[in-house]
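Let's take a walk through a protein model together. Keep the picture open beside you and look things up as we go.

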Amino acid sequence: MVCLGNICRSPLAEGIMEYKIARQGLSWQVDSAGTNGYHVGEAPHRLSQKVATARGIDISRQRARNFCPEDFDRFDRIYAMAEDVIDEIKWIAGKKFNPAKVFLLMNEVYPGKDMDVPDPWYGPEPGYHKVFDMIDTACDRIVEKYSKSRVPGGE
Ligand code: 4NP
């Protein structure tokens with residue numbers, strides 16, 4: 001789960017997906033990262049934490065890290081929160097970039113619409129609730145789609 005800062009959107013995506021994986025008893029591994037590195041080592045934004053807590057999900061122990069080329073070796077599917085994030089992933093990954101592994105998260109809900117999860121960073125709390133709901137729906141779709149496969153993306 002990748003966004004720019006790894007403090008607002010992708011920590012929610014990691015927490016939400018982790019919650020669903022545990023609930024379904026799946027053996028998937030999920031992580032999150034950011035492409036801009038400005039907040040490396042920081043806990044998620046207080047409003048991301050607040051909104052997650054209100055929905056029963058604790059993301060307080062997460063710490064921001066940078067997306068790195070080796071993430072293409074470690075993960076089968078890389079979900080970007082927005083199209084500008086995909087551009088950054090391409091730039092960071094260089095030769096490791098594999099377009100077959102990169103997906104825009106909201107295309108799981110609205111295929112082909114190329115909709116971004118909006119960056120809530122500059123706005124007030126309602127923006128974080130909206131982001132939570134969007135990511136929650138997309139994660140439900142991913143679990144529905146792949147939970148019967150032993151490998152996400154495999155048959
Ligand atoms: P995120 O939000 O990508 O959802 O974590 C942002 C947080 C910080 C910045 C940009 C986006 N920033 O430029 O500091």
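## A tryptophan to start with

Let's begin at Trp-28, which you'll find in the loop between helix H1 (9–24) and S2. Is Trp-28 buried or exposed? With a relative accessible area of 13%, Trp-28 is buried, because anything under 20% gets that label.

Now look for Pro-111, which is 83 residues away from Trp-28 along the chain. The C-alpha atoms of Trp-28 and Pro-111 are separated by 23 Å. One thing to keep in mind throughout: this is a predicted model.

## The overall layout

Time to zoom out. How many helices and strands does the chain have? There are five helices and four strands. If you trace the chain from the N terminus, the elements come in the order β-α-β-α-α-β-α-β-α.

What about the size? The C-alpha atoms fill a box of roughly 40 × 35 × 30 Å along the principal axes. A compact globule of 155 residues would have a radius of gyration near 15 Å, and the chain's 14 Å agrees with that.

## Inside, outside and charges

Of the chain's 155 residues, 45% count as buried. Take the contacts in the chain with a separation of 6 or more: 70% of them are accounted for by residues 24 or more positions apart.

As for the outside, the accessible surface of the chain is about 8,200 Å², and carbon and sulfur atoms own 50% of it. The chain also has 21 positive and 23 negative charges, and the mean positions of the two sets are 3 Å apart.

## Cysteines without a bond

How many disulfides does the structure hold? The count is zero. Cys-3, for instance, is in no disulfide: its nearest cysteine sulfur belongs to Cys-8 and is 7.0 Å away. Cys-3 also counts as buried, at 2% relative accessibility.

Why is Cys-68 without a bond to its closest cysteine sulfur? That sulfur is in Cys-3, 15 Å from the sulfur of Cys-68, which is too far for a bond. A disulfide needs the two sulfur atoms to be within 2.5 Å. Cys-68 counts as partly exposed, with a relative accessibility of 23%.

## A histidine and its contacts

Next stop: His-39, in the loop between strand S2 (33–34) and helix H2 (46–54). His-39 is buried, with a relative accessible area of 16%.

Which residues does His-39 touch, leaving out those up to four places away in sequence? The answer is Gly-5, Ile-7, Ala-64 and Trp-121.

## Two residues with positive phi

Here's a bit of backbone background. Most residues other than glycine have a negative phi. With that in mind, check out Asn-6: it isn't a glycine, yet its phi is positive, near 55°. Asn-6 sits in the loop between strand S1 (2–3) and H1, and with a relative accessible area of 3% Asn-6 is buried.

Asp-114 isn't a glycine either, and it has a positive phi of about 50°. Where is Asp-114? Look in the loop between strand S4 (102–104) and helix H5 (125–146). Asp-114 counts as partly exposed, at 38% relative accessibility, whereas Asn-6 is buried.

Definitions and conventions:
Residues are numbered from 1 along each chain as its sequence is written. This is a predicted model: local features need pLDDT of at least 70, side-chain atom pairs count only at pLDDT 80 or more; totals for chains, interfaces and linings use all residues. Side-chain values use heavy atoms; hydrogens and water are left out. The radius of gyration is taken over C-alpha atoms; the globule rule is 2.2 Å times the number of residues to the power 0.38. Buried means under 20% relative accessible area, exposed over 50%, partly exposed in between (1.4 Å probe, protein chains only). Contact means heavy atoms within 4.5 Å. Accessible areas come from the Shrake-Rupley method with a 1.4 Å probe; for residues, only the protein chains shown count as cover. Lys and Arg count as positive and Asp and Glu as negative; His and the chain ends are not counted. The place of a charge is taken as NZ of Lys, CZ of Arg, CG of Asp or CD of Glu.
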